[in-house]
Amino acid sequence: MPARMIPFGLPQRTESWMLGRADALLAERRARRSCRYFSDKPVPRELIERLVAVANTAPSGANCQPWRFVAVDDPEVKREVRVAAEAEERESYEHRMPQPWLDALEPIGTDAHKPFLEIAPWLVLIFRVDWEIVDGEKHKSYYPIESVGLAAGLFLMACHQSGLATLTHTPSPMRFLRRILNRPDNEKPFLLVPVGYPADVCTVPDLPKKSVSEVLQWNR
Ligand code: IYR
């Protein structure tokens, strides 16, 4: 049955307001960096809840919202995640990642040690839901990868715009997350996001972004 229709409801803005807003957003976004050295300073649970609420506004295929967020601040669970992630990462760095991949990571300076998985006050695990049972019936999700990617992007943006640092971490493979977090088998780990404040001494690699002209074409 078609849904009830309601007004679109977008407030009208002047072009100069919009340009100013976009410039301000760009300046804020340019300051967003992946954080690998976190402080253990606590972040309130209600803030995490609001940031997930922002992510939950993402568009999704057929409005399925095929994402689940698991927010972890229990030190015991964080420790288990760290131990399992580091085991996979050691295997990846030593045996699984081909040399060109290791070369590509060299400027970032990563290795198999992931102390931030215990130090960051929150680990937010994002799962992709490929199907779910609603009223006893199995419903497939549409465009689950694209949808959960959009929700994850909004979550990262919400964190940064609210003053928090994040890392997009994907220890590979991430199957262990389903076991540790008791998630059902219709959910696949998509992204592991440590959230918190940067450590007092936190450096980041000085890496450039492509210019807009490299990523934007006008017409043909
Ligand atoms: N998962 C590993 C390796 C790694 C892979 C990519 I692609 C990165 O952008 C960064 C790291 C790790 O987290 O160290």
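**Exercise 1. Describe how strand E1 and E2 pair, and name residues that stand opposite each other.**

Solution. Strand E1 covers residues 67-72, and E1 and E2 pair in the antiparallel sense over six bridges. The model in which this pairing is found is predicted. Next, look for residue positions across the pair. Ala71 stands opposite Val124 in E2. Val72 stands opposite Leu123 in E2.

**Exercise 2. Find the strand that eight bridges join to E2, and place both in the sheet.**

Solution. Step one: strand E6, residues 187-196, is joined to E2 by eight bridges, and the two run antiparallel. Within this pair, Phe127 stands opposite Pro189 in E6.

Step two: the sheet is open and has four strands, in the order E1-E2-E6-E5, with antiparallel pairing. E1 and strand E5 (165-166) stand at the edges; each has a single partner strand, so one side of each lacks a neighbour in the sheet.

**Exercise 3. Decide whether strand E2 is enclosed or open to the surroundings, and check each of its faces.**

Solution. Start with the cut-off: a residue is buried when its relative accessible area is under 20%. Strand E2 spans residues 122-129, and eight of its eight residues are buried, so E2 is largely enclosed by the rest of the structure.

Then separate the faces. In a regular strand, side chains alternate between the two faces of the sheet. On one side of E2 lie Trp122, Val124, Ile126 and Arg128, and on the other lie Leu123, Leu125, Phe127 and Val129; all are buried, and both faces are covered.

**Exercise 4. Locate Asp130, classify it as buried or exposed, and identify its side-chain partner.**

Solution. Asp130 sits in the loop between E2 and strand E3 (131-134). Its relative accessibility is 16%, and Asp130 therefore counts as buried. The side chain of Asp130 makes a polar contact of 2.8 Å with the side chain of Arg128. Arg128 belongs to one of the two covered faces of E2.

**Exercise 5. List the residues around the ligand, then give the distances from its atoms to the side chains of Glu89, Lys114 and His169.**

Solution. The surrounding residues are Glu89, Tyr93, Trp101, Leu105, Thr110, Asp111, Lys114, His169 and Thr170. Take the nitrogen of the ligand before the oxygens: a ligand nitrogen atom lies 2.9 Å from an N or O atom in the side chain of Glu89. A ligand oxygen atom is 2.5 Å from an N or O atom in the side chain of Lys114. For His169, an N or O atom of the side chain is 3.3 Å from a ligand oxygen atom. Finally, consider the cover: the ligand taken alone exposes 380 Å², and the protein buries 71% of that.

**Exercise 6. Identify the residues of the nonpolar surface patch and classify Val212.**

Solution. Val212, Val215, Leu216 and Trp218 make the patch, with an area of about 460 Å². Of these, Val212 is found in helix H8, residues 212-215. Its relative accessibility is 54%; exposed means over 50%, so Val212 counts as exposed.

**Exercise 7. Summarise the whole chain: its elements, its extent and its share of buried residues.**

Solution. Count the elements: there are eight helices and six strands. Read from the N terminus, their order is α-α-β-α-α-α-β-β-β-α-β-α-β-α. The C-alpha trace spans about 55 × 50 × 40 Å along its principal axes. Of the 220 residues in the chain, 34% are buried.

Conventions: Residues are numbered from 1 along each chain as its sequence is written. This is a predicted model: local features need pLDDT of at least 70, side-chain atom pairs count only at pLDDT 80 or more; totals for chains, interfaces and linings use all residues. Side-chain values use heavy atoms; hydrogens and water are left out. Patches are made of residues with over 30% relative accessible area and no salt bridge: like charges are joined within 9 Å, nonpolar side chains (Val, Leu, Ile, Met, Phe, Trp, Tyr) within 5 Å. Accessible areas come from the Shrake-Rupley method with a 1.4 Å probe; for residues, only the protein chains shown count as cover. A salt bridge is a side-chain nitrogen of Lys or Arg within 4 Å of a carboxyl oxygen of Asp or Glu. Buried means under 20% relative accessible area, exposed over 50%, partly exposed in between (1.4 Å probe, protein chains only). A residue is near a molecule or strand if one of its heavy atoms lies within 4 Å of it. A polar contact is a pair of N or O atoms within 3.5 Å; within protein, one must be able to donate a hydrogen and the other to accept it, and residues adjacent in sequence count only if both atoms are side-chain atoms. Two strands pair if DSSP finds at least two bridges between them.
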